[in-house]
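Please look through the following structure from its overall fold to its largest pocket, and then to a single loop residue.

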Amino acid sequence: MPESYGNGSTTEPAAPAPKPATAGAGIRLENLTKVYPGTAGPAVDNVTLDIRAGETVIFVGPSGCGKSTTLKMINRLIEPTSGRIRIGDEDVTDIDPVKLRRKVGYAIQASGLFPHMTVAQNIALVPKMIGWSAARTKKRVEEMLDLVGLDPGEFHGRYPRQLSGGQQQRVGVARALAADPPVLLMDEPFGAVDPITRDHLQDELIRLQHELHKTIVFVTHDFDEAIKLGDRIAVLRERSHIAQFDTPEAILTNPADDFVSGFVGAGAALKRLNLTRVRDVGVVDFPTARIDDPLQSIFDLLRDGTTNELLLLDRHSRPYKWLRRGDLSRAKQSLARAGTLVADTVTRDATLRDALEAVLTDNAGRVAVTGRRGEYIGVVDMETLMNNVHELLEADRLEAMEHQHELQLQRAHRTQLAQEGLNGAGGPEGGAGGRA
């Protein structure tokens, strides 16, 4: 199978690979411009940008700045007026745009699924178009559903109208990845779902990228989403002029100008909680019981254990209720009436900001951490989260002191050059200093 771009082979793989064979491909935009007829100026003006293979790059900017237009020119849903587009080693500016789009994954807001097709038919669409065999396509559909955390047996034959908004978006991502493209373009894909579902979809995308190593270009107007998802962020002005293209850390700590600072906004230290994942901090164990355990054993665990609380799991090992001592007796030993339902959970790919919000929402000082199927893994508590907040604030304080020290050194150096210039010993800098 060619490494660089696409997968149109009809040859069945000899054995399943541990991950899709096609990883990401680099993207280069060269002087890319779009001018619409009858407009005074270009919608996108002379954009040049290099995106490395396997990284996630976020386009963020004000409404109407041209970020979606720039994205759509990569797969030529919008034809450039001038400029070049390279994906991997291939200049795709002049090839058949339909063939190009079959080799580039594309996911949009509200999923864009065909309502008259089942979930399986939606996912199988592009593999069938490029000539995959029926057996290979069927296997790929099952792999994709499993990859995005949906049970193939349960969702294979459903129609989009039978899915929640979050499930539709997962299927949309599965369809975009079905033909194993090296590049995935995402145009505000999570903008139409509720905040909790959006957080979980973001976590799912992070997990997928850890496994797949695709090149992802993602458009959003939400800077917090950009920080959470991006390896690098391109902050765009009008006409897609690049104000700053850098890592989230660099943009948060050293915004290029006032325009970028406006996107960062207040509370940069707290925004940096989006840069640390739950998997990077201490996930601790917690006493658990299952809903089908004998009531007496649950009662004994609460009575005799070192904690006054345990987490009750359902039959699929998913967090269900928090149970405290006395809950069973007050509820007359009925699990149906005992305890407090788990209000929220986070995955290992959730950010510390997500975890902090979940802890504050639950108002119990901890949040359960779950795996890809929702199964219990452990908990993160408020103490761990607050320690990380303090560490970030301290790091910001030290960095600000270092920056201030550098500015003082620069001012001292300029003063010295000016004095040398006044004494007639300076070079061009000295002369300028003398006139000042």
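Among the contacts in the protein chain that join residues at least 6 apart in sequence, 63% are between residues at least 24 apart. In this predicted model, the chain is built with 16 helices and 17 strands, and of its 436 residues 44% count as buried. The accessible surface of the protein chain amounts to about 20,900 Å², with 51% of that area belonging to carbon and sulfur atoms.

From the chain as a whole we can turn to its pockets, of which the largest has a volume of about 790 Å³. Its lining consists of 27 residues, and those closest to the centre of the pocket are Arg170, Arg318, Arg372, Arg373 and Gly374. Two or more lining residues come from each of the elements α5 (152-155), α6 (165-177), α7 (195-212) and β15 (345-347), and α7 gives the most, with five residues. Sorted by class, the lining of the largest pocket holds 12 polar and nine charged residues, together with six nonpolar ones.

Two of the elements that contribute to this lining, α5 and α6, are also the ones between which the loop with Arg161 is found. Is Arg161 buried or exposed? Its relative accessibility is 65%, and because a residue counts as exposed when this value is over 50%, Arg161 belongs to the exposed class. Arg161 also provides an example of separation along the chain set against distance in space, since Arg161 and Pro115 are 46 residues apart in sequence while their C-alpha atoms are 7.0 Å apart.

Technical notes:
Residues are numbered from 1 along each chain as its sequence is written. This is a predicted model: local features need pLDDT of at least 70, side-chain atom pairs count only at pLDDT 80 or more; totals for chains, interfaces and linings use all residues. Side-chain values use heavy atoms; hydrogens and water are left out. On a 1 Å grid over the protein atoms alone, a cavity is a set of points where a 1.4 Å probe fits but cannot get out, and a pocket is an open set with protein on both sides within 12 Å along at least five of seven lines; lining residues have an atom within 4 Å of a point. Grid points are joined across faces, edges and corners, and a volume is the space filled by probe spheres set on the points. Helices (H or I, at least four residues) and strands (E, at least two) are DSSP runs, numbered from the N terminus. Ala, Val, Leu, Ile, Met, Phe, Trp, Tyr, Cys and Pro count as nonpolar, Asp, Glu, Lys and Arg as charged, and the others, Gly among them, as polar. Buried means under 20% relative accessible area, exposed over 50%, partly exposed in between (1.4 Å probe, protein chains only). Contact means heavy atoms within 4.5 Å. Accessible areas come from the Shrake-Rupley method with a 1.4 Å probe; for residues, only the protein chains shown count as cover.
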